[in-house]
2 protein chains.
Amino acid sequence: MFRLPSDGGNGAVADIDSESGRSTPRKRADARRNEATLLDAAAAAFVTSGVDAPVRDIAARAGVGVGTIYRHFPTRADLIVAVYRHQVEACAEAGPTLLADSSTPHAALAQWINLFVDFLVTKHGLAEALQSDDAAFQTLHAYFLDRLVPVCAQLLDAAAAAGEIRPDVTAFELLRGVGNLCIGAGEPRYDARRMVELLVAGLRQRQSAGPR
Amino acid sequence: MFRLPSDGGNGAVADIDSESGRSTPRKRADARRNEATLLDAAAAAFVTSGVDAPVRDIAARAGVGVGTIYRHFPTRADLIVAVYRHQVEACAEAGPTLLADSSTPHAALAQWINLFVDFLVTKHGLAEALQSDDAAFQTLHAYFLDRLVPVCAQLLDAAAAAGEIRPDVTAFELLRGVGNLCIGAGEPRYDARRMVELLVAGLRQRQSAGPR
DNA sequence: GAGCAAGTGGAACCACGTTCCGCTAAAAAC
DNA sequence: GTTTTTAGCGGAACGTGGTTCCACTTGCTC
């Protein structure tokens, strides 16, 4: 016992990174405080101005300089990922659960896609950012894909194995298509949910016969 | 005969605007030359850098100042529309032709949508611009909608009347959905055409029975 | 409390869209 | 052909937003 955890662990010299499980040198207290403040400020800014709220605005909301944002979140994508990580995780984890609880794999797939769509359409500008080829969104892209493609693939494979859907659509493609369809939700005359529904319906394979 | 048309009409005092049929005071020769040069330069720039090529680049290509671009094309949308007008017109006009020549309305619709998709996926960044809510793209939006929605509606109505598709999808919605799906074509792992195919398949109504 | 590295703020820089205005030269008037 | 008019031109200048950089501050350690 070189050091008592009397201050709730704040005096410790290293932390366990909740992401990778790696031991990392502990950050300064003000740095951790700023990071939390920034996350809140960003979340608030995203709600009112969408995910491409100006960096300066977010900094101002948090009461810090722009340099501080870049120190904690080198790219906008890092900030977005940090803000929405919990919700993406929840969505990812819902996949296997749905598969286990639903009557058919296709039903599970449809429900899971619904979750994803609900998430996307309520985050102004996120669907757009997800498909942007801007280098700044590279890691955003990567995170969503890493986390959701395997889940989607599992549901897709199950439905394909059950013969419910055509087997030639990849999880990547489907997710991208669904993401694309969510762009511009908010426009009154465009119902993204319905378009996704159509897409999922098109996935369905005629039960009557096999190929040809 | 106040003036002989010996210079091929260049000396005339007014022209007939090819768009509206209105008589407009004729523009100066250098202005017309610049406009044509700009259109070429823009078309070339769009091919290499996408439809959001920097204004300065286009001006440099054409060998004119940026002010000249804004004089001829007040917004980027005007420039884009001018560059692609012919192709959009051709697409619009193909609608009724396809409907007359195809075996079924649904076949005509599918073919027409194919035309539209082919157009979109070959214009880097156009699909993105079409869905952008940026005010600069307002008139682009309006032009595409004005020109294509009625055509699409005609095809859609015919297919719905024939009972081939569900009747509750609007032309606006479908076009927007298709446009959205074309975003990010070019990415090797994403086949926009196939996704659109899925969407159109989802439109199809089970022939077997009516509702319920 | 002294020393020091982590962390901070915000000025400065860059890229881009857009505006503005003095100048150029095409067309009109004579 | 010369003069006058004015449409049209160029590009400097400005606004905005992202990104970098570094002199200064401050939390942590000893």
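Reading chain A from its N terminus, you meet its elements in the order β-β-α-α-α-α-α-α-α-α-α. That comes to 2 strands and 9 helices. Keep in mind as you look around that this is a predicted model.

**Chain A at a glance**

Chain A has 212 residues, and 35% of them are buried. Among its contacts with a separation of 6 or more, 60% join residues 24 or more positions apart.

How confident is the predictor in chain A? Its mean pLDDT is 88, with 85% of the residues at 70 or more. Two stretches call for caution. Over residues 1-13 of chain A, pLDDT stays under 50, and the model has 6 contacts beyond four places in sequence for them. Residues 208-212 of chain A also stay under 50, with 0 such contacts. Where pLDDT is low, the predicted coordinates should not be read in detail.

**How the two chains meet**

Chains A and B touch through 18 residues of chain B and 18 residues of chain A. On the chain B side, α8 and α9 are the elements that give two or more residues. By class, that side holds 9 nonpolar, 5 polar and 4 charged residues.

What relates the two copies? Two copies of a chain are related by a rotation about an axis and a shift along it. Here, a rotation of 179° with 0.0 Å of shift along the axis places chain B on chain A, with an RMSD of 0.1 Å. This is the relation of a two-fold axis. In chain B, the C-alpha nearest the axis belongs to B:G202, at 1.8 Å. Both copies use the same surface, as 100% of the contact residues of chain B recur in chain A.

**Helix α8 of chain B and the core**

Helix α8 of chain B spans residues 171-181, and 9 of its 11 residues are buried, so that the helix is mostly covered. The buried residues include B:E173, B:L174, B:R176 and B:L181. Where does their cover come from? From chain A, it includes α8 and α9, while chain B itself brings α5, α6, α7 and α9.

The largest nonpolar core has 118 residues. Touching the most other members are A:V178, A:C182 and A:L199, along with B:V178, B:C182 and B:L199. B:V178 is also one of the buried residues of α8(B). Leaving out residues up to four places away in sequence, B:C182 touches B:V117, B:L120, B:V121, B:A127 and B:A192.

**Two arginines to compare**

Buried or exposed: how does B:R76 count? B:R76 sits in helix α4 of chain B, which covers residues 76-101. It counts as buried because it has 21 C-beta neighbours inside 10 Å, where 20 or more are needed. From B:R76 to B:Q87, 11 residues along in sequence, the C-alpha distance is 18 Å.

B:R189 is found in the loop between α8 and α9 of chain B. With 10 C-beta neighbours inside 10 Å, B:R189 counts as exposed. The C-alpha atoms of B:R189 and B:V149 are 30 Å apart, with their positions 40 residues apart along the chain. Beyond its neighbours within four places in sequence, B:R189 is in contact with A:F172 and A:E173.

**The surfaces near the DNA**

The model also holds DNA strands C and D. The table sets out the residues around each strand.

| DNA strand | Residues around it | Closest residues | Element giving the most |
|---|---|---|---|
| C | 24 residues | A:N34, A:V64, A:G65, A:G67, B:A29 | α3(A), 4 residues |
| D | 25 residues | A:A29, B:K27, B:V64, B:G65, B:G67 | α3(B), 4 residues |

Which elements supply at least two residues each? For DNA strand C, they are α1 and α3 of chain A together with α1, α2 and α3 of chain B. For DNA strand D, they are α1, α2 and α3 of chain A with α1 and α3 of chain B.

The residue classes can be read in the same way. Near DNA strand C there are 10 nonpolar, 5 polar and 9 charged residues. Near DNA strand D there are 10 nonpolar, 6 polar and 9 charged residues.

Key:
Residues numbered from 1 in each chain as written. Chains lettered and ligands numbered in written order. Predicted model: local features only at pLDDT ≥ 70, side-chain atom pairs only at ≥ 80, totals over all residues. Buried ≥ 20, exposed ≤ 12 C-beta atoms within 10 Å, placed from the backbone. Contact = placed C-beta atoms within 7 Å. Near = placed C-beta within 6 Å. Nonpolar A, V, L, I, M, F, W, Y, C, P; charged D, E, K, R; others polar. Least-squares fit on C-alpha atoms with pLDDT ≥ 70 in both. pLDDT = per-residue confidence, 0-100. Core = buried A, V, L, I, M, F, W, Y, C linked by C-beta atoms within 7 Å.
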